[in-house]
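Here is a short walk through one protein chain and its ligand. Please have the structure open beside you as you read.

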Amino acid sequence: MSRTLLLNPGPVTLSPRVREALLRPDLCHREIEFSSLQGAICAALLKVYDLDATTWAAVLLTGSGTAAVEAMLTSTVPRSGRLLVLENGVYGERMSMMAERAGITTARCATSWESSLRLAAVEAQLEAFPDTTHVAVVHHETTTGRLNDLHALGALCAARGVDLLLDAVSSFGAENIDFRALPIAACAATANKCLHGVPGVSFVILNRQRFARSGTPARSVYLDLDTYLTQQERGGTPFTQSVQGFYALNEALAEFADAGGQAARQQLYRARMRQARATLSGLGVEGILPEADCSCVLQAFRLPAGQGYEELHAGLKARGFVIYAGQGRLAADIFRISLMGDLTTEDLARLAQAFRELLTRD
Ligand SMILES: Cc1ncc(COP(=O)(O)O)c(C=O)c1O
């Protein structure tokens, strides 16, 4: 089977070990074997950032990353609470939409997609609305590849007793997340990005104490985290889960630990990205953000003058690589690549060669 390598921001190219896990025996989600599988995954997810199970809980959902983000927002902000959503890309904007549709009292603090978070504006909003209970922010804003800086934001929130809701869908497992220093109430993420599982399973890491303060607002039947947490703690689950997706995530987490965990994955992605960035820079193709502002997971590059995205995508696909378009108003100007998943040094050398063939101008 010839491999098409996925350089989009998830799903990722699976390792043989994770792919084989999909073939394990059929299993009913009401059986003891499922309960053990679920418990093992929850424990392994906490281990990714070395979190203590008395303070934190992982809640597993069947759904994509969006389900985890929506569950996080709708299950944590109390009915009497107020949410401030920080936006500098598509995924921050999507969180505002989710919160507004759920009837949560929401304010937005937006900057342009190319900009970092405006902390002075966040501070002004928190001063203007001292009843704000939660701030929601995207860690790695995949729209541009920017890694939003959480430290100053966390300090600002902590000083006011405001809890953080983190969309870490495209950073969990690779980027540093300081769960101890930041006032994180909940962190939403997914199986099929930096953890290298299959699509269809997502999760929310809850701070038990902060979550208990939410008063379980239960704005949804399917996405109510309190229902999941209560039943998971008894070894159950409220609804049919993606059993095969769970098998794959469990194996992906074992592979992740064997490979050295989060620090090792971050190093691996950084090395891969440095190589790709150097190749592209040598061809006159530059990133849209300074490297220091970028995640190790995905970066966005400006299309050279006269180079259409579709043509570049087709040329790379013919050579076995799938890249990703820009979103919204960036669609005509940029392309994005992510270097997650089961890639070898030979794959990366072939990618560099493919870029040289397609982008060399004489
Ligand atoms: C930061 C971020 N949040 C949320 C999502 C939505 O995830 P999904 O497409 O799995 O629903 C993505 C997807 O790329 C993302 O990058």
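The report below goes from the domains to the sheet, then to one strand, and ends at the ligand.

**Domains.** Please keep in mind that this is a predicted model. The domain assignment splits the protein chain into domain 1 (5-10 + 260-359) and domain 2 (16-258). Taken over C-alpha atoms, the centres of domain 1 and domain 2 lie 26 Å apart. Where the domains meet, 23 residues from domain 1 and 25 residues from domain 2 take part in the contact. On the side of domain 1 that touches domain 2, helix 10 (261-282) and strand 11 (298-302) each supply at least two residues, and helix 10 gives the largest share, five residues. By class, that side of domain 1 has 11 nonpolar, nine polar and three charged residues.

**The sheet.** Now look for an open sheet of seven strands, which has the order 2-10-9-8-5-3-4 and mixed pairing. Its edge strands are strand 2 and strand 4 (106-110), each of which pairs on one side only. On average, neighbouring strands of this sheet are turned by 20° against each other, with direction ignored. Helix 3 packs on the sheet and touches strand 2, strand 5, strand 8 (163-167), strand 9 and strand 10. The direction of helix 3 makes about 160° with that of strand 9.

Three of the strand pairs are set out here.

| Strand pair | Sense | Bridges |
|---|---|---|
| Strand 2 (residues 56-62) and strand 10 | antiparallel | seven |
| Strand 9 (residues 184-190) and strand 10 | antiparallel | five |
| Strand 3 (residues 83-87) and strand 5 (residues 134-138) | parallel | three |

Some individual partners help you find your place. Ala57 has Leu206 of strand 10 as its bridge partner, and Ala188 stands opposite Val204 in strand 10. In the parallel pair, Val85 is opposite Ala136 of strand 5.

**Strand 10.** Is strand 10 mostly covered or uncovered? Strand 10 (residues 201-207) is mostly covered, with seven of its seven residues buried. In a regular strand, side chains alternate between the two faces of the sheet. Here Val201, Phe203, Ile205 and Asn207 point one way, while Ser202, Val204 and Leu206 point the other way. The residues of both sets are buried.

**The ligand.** Which residues come nearest to the ligand? Of the 14 residues around the ligand, these are Ser64, Gly65, Thr66, Thr142 and Val169. Helix 3 (residues 65-76) contributes the largest share of this shell, three residues. By class, the shell holds five nonpolar, eight polar and one charged residues. Helix 3 thus appears in two places, in the shell around the ligand and packed on the sheet.

Notes. Residues numbered from 1 in each chain as written. Predicted model: local features only at pLDDT ≥ 70, side-chain atom pairs only at ≥ 80, totals over all residues. Near = placed C-beta within 6 Å. Helix = DSSP H or I, 4+ residues; strand = E, 2+ residues; numbered from the N terminus. Nonpolar A, V, L, I, M, F, W, Y, C, P; charged D, E, K, R; others polar. Buried ≥ 20, exposed ≤ 12 C-beta atoms within 10 Å, placed from the backbone. Pairing = 2+ DSSP bridges. Axes fitted to C-alpha atoms, helices over the stretch in contact; angles between N-to-C directions. Contact = placed C-beta atoms within 7 Å. Domains from an automatic or database assignment.
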